[in-house]
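Student: I've got this protein open on my screen and I'd like to get a feel for how it is put together. Can we go through it piece by piece?

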Amino acid sequence: MVRRPVGWVAAIVLLAEAVGFVFVNGLMATVVDNQQMSLAGLDPDAMSNGAWAAGIALGLYLVVCAALLVRAALTDRGFGRVARPVLIGCAVLHGVLGALAVGLVGWTAFLFMMVVLALLVLALVAYGERPKDGGHTPGAGAATGTGAGTGAGAGTGAAGPAEAGPSAA
């Protein structure tokens, strides 16, 4: 099965990307601070602090997503109610950043974002939702003879609407 390798590769790529985002935003914050740049009259210190905060917040978000993928790869179990939307949000973020990157940075950045998006979607699909009853289909118990209604006396008693025959339907 490819689930575990996809989880590991996606987690490693997200960790590397987190470091890259923090580095790029830190570089931008340093340049803005050193040059005392301002955009529409904003305070340069506020812009520098905002760039640092955005880089750290996005880096932490990517680290959390990587941790969720590592947990899934280690346990070989699917994502829960909280983890699945977090990873879907990460995939949407990569789609939007890829669309922006193609115009601002170039096709190489777009390709990288689409590869990360593909890894996230593949991980989400590979670790799909499992049925709540442990993987059994609703009628599997009766077909295998392990469900309710087997054994001595099975089928005796008053017939309900489903057991009344073809005329009841």
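Student: Let's start inside: how many residues are in the largest nonpolar core?

Tutor: Keep in mind that this is a predicted model. Leu 14, Leu 62, Leu 69, Phe 79, Leu 87, Cys 90 and Leu 120 are the members with the most contacts inside the largest nonpolar core. The whole core comes to 26 residues.

Student: And which helix supplies the largest share of this core?

Tutor: α1, α2 (44-75), α3 and α4 each put in at least two residues. The largest share is eight residues, and it comes from α2.

Student: Which residues does Leu 120 touch, if I skip those up to four places away in sequence?

Tutor: Leu 120 is on the list of core residues with the most contacts. Leave out residues up to four places away, and what Leu 120 touches is Leu 14, Leu 69, Leu 87, Cys 90, Ala 91 and His 94.

Student: Zooming out, in what order do the elements run from the N terminus?

Tutor: No strands to worry about here: the count is zero, against five helices. From the N terminus on, that reads α-α-α-α-α.

Student: What percentage of the contacts with a separation of 6 or more comes from residues 24 or more positions apart?

Tutor: Ala 72 and Tyr 127 give you a feel for a pair like that, being 55 residues apart in sequence yet in contact with each other. Across the protein, residues 24 or more positions apart account for 67% of the contacts with a separation of 6 or more.

Student: Sticking with Ala 72, is it buried or exposed?

Tutor: Ala 72 lies in helix α2 and, beyond its close sequence neighbours, is in contact with Arg 77, Phe 79 and Tyr 127. Its relative accessible area is 0%, and the cut-off for buried is under 20%, so Ala 72 is buried.

Student: How about Asn 25: buried or exposed?

Tutor: Asn 25 is in helix α1, and outside its four-place neighbourhood it contacts Ala 51, Ala 54 and Gly 55. Its relative accessible area is 12%; because that is under the 20% cut-off, Asn 25 counts as buried.

Student: What is the phi of Asp 76?

Tutor: Asp 76 is found in the loop between α2 and α3, and it is partly exposed, with a relative accessible area of 28%. Most residues other than glycine have a negative phi. Asp 76 is not a glycine, but its phi is positive, at about 55°.

Student: Now the largest pocket: which helix gives the most to its lining?

Tutor: The largest pocket has a volume of about 410 Å³. Of its 13 lining residues, Phe 21, Leu 97, Ala 101, Val 105 and Met 113 are the closest to its centre. α1 (3-35), α3 (83-104) and α4 (107-126) each supply at least two lining residues. The top contributor, with five residues, is α1.

Student: How many residues of that lining are nonpolar?

Tutor: One lining residue is polar and one is charged. The nonpolar ones number eleven.

Student: Last one, on the outside: what share of the exposed area do carbon and sulfur atoms supply?

Tutor: Buried residues make up 26% of the 169 residues in the protein. The area the protein exposes is about 10800 Å². The carbon and sulfur share of that area is 70%.

Methods. Residues are numbered from 1 along each chain as its sequence is written. This is a predicted model: local features need pLDDT of at least 70, side-chain atom pairs count only at pLDDT 80 or more; totals for chains, interfaces and linings use all residues. Side-chain values use heavy atoms; hydrogens and water are left out. On a 1 Å grid over the protein atoms alone, a cavity is a set of points where a 1.4 Å probe fits but cannot get out, and a pocket is an open set with protein on both sides within 12 Å along at least five of seven lines; lining residues have an atom within 4 Å of a point. Grid points are joined across faces, edges and corners, and a volume is the space filled by probe spheres set on the points. Helices (H or I, at least four residues) and strands (E, at least two) are DSSP runs, numbered from the N terminus. Ala, Val, Leu, Ile, Met, Phe, Trp, Tyr, Cys and Pro count as nonpolar, Asp, Glu, Lys and Arg as charged, and the others, Gly among them, as polar. A nonpolar core is a set of buried Ala, Val, Leu, Ile, Met, Phe, Trp, Tyr and Cys residues joined through side-chain atoms within 4.5 Å. Buried means under 20% relative accessible area, exposed over 50%, partly exposed in between (1.4 Å probe, protein chains only). Contact means heavy atoms within 4.5 Å. Accessible areas come from the Shrake-Rupley method with a 1.4 Å probe; for residues, only the protein chains shown count as cover.
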